[in-house]
Amino acid sequence: RVVVKAQVPASGRMKAGGIRLAANAAEAAQAAGELLAAPVKGFPVYSVLIEQRLEAAAEVYVGVTYDNQAQTATLLGSRAGGIEVESEQQIVRRAFPISAPLSDYVGREVAAALGLEGRALVQLGSTLTHLARCLVRWDAMLLEINPLILDAQGQWWLADAHLELDDEAAYRQGALLARLGA
């Protein structure tokens, strides 16, 4: 069982038909062919990603964004990961200054607000702290993981991510852009 994902620079691919589920190799090949033959959200599909389908005990949305006007960053989290986050009204927000490193405690606060406990809370808190550090290091405007899947064994899996870099800082991020093929 796999997931076939059209690789296009757009969110909302699942609702737009750009992500397909396949039970076997033949279905995966058919889904890949169909995705490569038609645009998704107005973008041509030049490649697909085929991944193992994960059984989720829980899905969350996490992210961090930067507000130029306020000159502050905000951690974001929601228990409604996947395609439902776009309509989710209960997004936890925690602003923080980028002038000092974010402590693990702040990430754990957001994880606790999402109702997580124990090991899952500590791990998600650490993930949020790392997202915040990446936002600063990479001159990003937005970095999000959706969905971040918790399996039945208590292991977190990053199923999809989105990164938006600050165009005005691209000259400082040559190595990152090269790694991303941009």
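Two strands are taken to pair if DSSP finds at least two bridges between them. With that in hand I opened the model, which is a predicted one, and began with strand β7.

**Entry 1: β7 and its partners**

I looked up β8 (residues 156-158) first, and found that β7 and β8 pair in the antiparallel sense over three bridges. Within this pairing, leucine 148 has leucine 158 of β8 as its bridge partner. The two strands make a hairpin with five residues between them, and in the turn I noted glycine 154, whose phi is positive at about 85°.

I then followed β7 to its other partners. Strand β9 (residues 161-165) is joined to β7 by five bridges and runs antiparallel to it, with glutamate 164 in β9 as the bridge partner of leucine 142. Seven bridges join β4 to β7, again in the antiparallel sense, and here I found alanine 58 opposite leucine 150 of β7.

Is β7 enclosed or open to the outside? I recorded that 10 of its 11 residues are buried, so the strand is largely enclosed by the rest of the structure.

**Entry 2: the largest nonpolar core**

Next I asked which residues touch the most other members of the largest nonpolar core. The core holds 32 residues, and the ones I wrote down are Val62, Val64, Leu75, Leu124 and Trp156. At least two residues each come from β4 (58-67), β5, β6 (92-96), α2 (104-113), α3 (118-137) and β7 (140-150). The largest share, eight residues, is supplied by α3. I set beside this the general remark that nonpolar side chains in soluble globular proteins tend to be buried together.

I took valine 64 as one of these residues and listed its contacts, leaving aside neighbours within four places in sequence: they are Ala73, Thr74, Leu75, Phe96, Leu131, Ala132, Leu135, Met141, Leu142 and Leu143. Another core, of 11 residues, lies apart from the largest one, and among its members are Val4, Ala6, Ala22 and Val40.

**Entry 3: leucine 131**

Since Leu131 is on the contact list of valine 64, I turned to that residue, which sits in helix α3. Its relative accessible area is 7%, and because buried means under 20%, I entered leucine 131 as buried. Beyond four places in sequence, leucine 131 is in contact with Val62, Gly63, Val64, Leu143 and Ile145. I also checked its distance to glycine 118, and the two C-alpha atoms are 20 Å apart in space for a separation of 13 residues in sequence.

**Entry 4: threonine 74 and alanine 95**

Threonine 74, also on the list of valine 64, belongs to strand β5 (residues 72-78). With a relative accessible area of 16%, threonine 74 counts as buried. Its contacts, with neighbours up to four places away left aside, are Gly63, Val64, Thr65, Arg93, Arg94, Ala95 and Phe96.

From there I moved to alanine 95, which is placed in strand β6. Is alanine 95 buried or partly exposed? At a relative accessible area of 45% alanine 95 is partly exposed. Outside the four nearest places in sequence on either side, alanine 95 touches Thr72, Ala73 and Thr74. Alanine 95 and alanine 73 are 22 residues apart in sequence, yet their C-alpha atoms are 5.6 Å apart.

**Entry 5: the open sheet**

I then looked at an open sheet of three strands, whose order is β2-β1-β3 and whose pairing is antiparallel. The edges are β2 (19-22) and β3 (48-52), each with a single partner strand, so one side of each has no neighbour in the sheet. From one strand to the next the twist averages 20°. Strand β1 (residues 2-6) pairs with β2 over four bridges in the antiparallel sense, and arginine 20 in β2 is the bridge partner of valine 4. Helix α1 (residues 25-37) packs on the sheet, where it touches β1, β2 and β3, and its direction makes about 10° with that of β1.

**Entry 6: the whole chain**

Last, I stepped back to the overall figures. I counted four helices and nine strands, which follow the pattern β-β-α-β-β-β-β-α-α-β-β-β-α along the sequence. For 182 residues a compact globule would have a radius of gyration near 16 Å, and the 17 Å of this protein agrees with that. Its C-alpha atoms fill a box of roughly 50 × 40 × 30 Å along the principal axes. Buried residues make up 39% of the 182, and the protein exposes about 10,300 Å², of which carbon and sulfur atoms supply 53%. Of the contacts with a separation of 6 or more, 52% are between residues 24 or more positions apart.

Key:
Residues are numbered from 1 along each chain as its sequence is written. This is a predicted model: local features need pLDDT of at least 70, side-chain atom pairs count only at pLDDT 80 or more; totals for chains, interfaces and linings use all residues. Side-chain values use heavy atoms; hydrogens and water are left out. Buried means under 20% relative accessible area, exposed over 50%, partly exposed in between (1.4 Å probe, protein chains only). Contact means heavy atoms within 4.5 Å. Axes are lines fitted to C-alpha atoms, for helices over the stretch in contact, and angles run from 0 to 180 degrees between N-to-C directions. The radius of gyration is taken over C-alpha atoms; the globule rule is 2.2 Å times the number of residues to the power 0.38. Accessible areas come from the Shrake-Rupley method with a 1.4 Å probe; for residues, only the protein chains shown count as cover. A nonpolar core is a set of buried Ala, Val, Leu, Ile, Met, Phe, Trp, Tyr and Cys residues joined through side-chain atoms within 4.5 Å.
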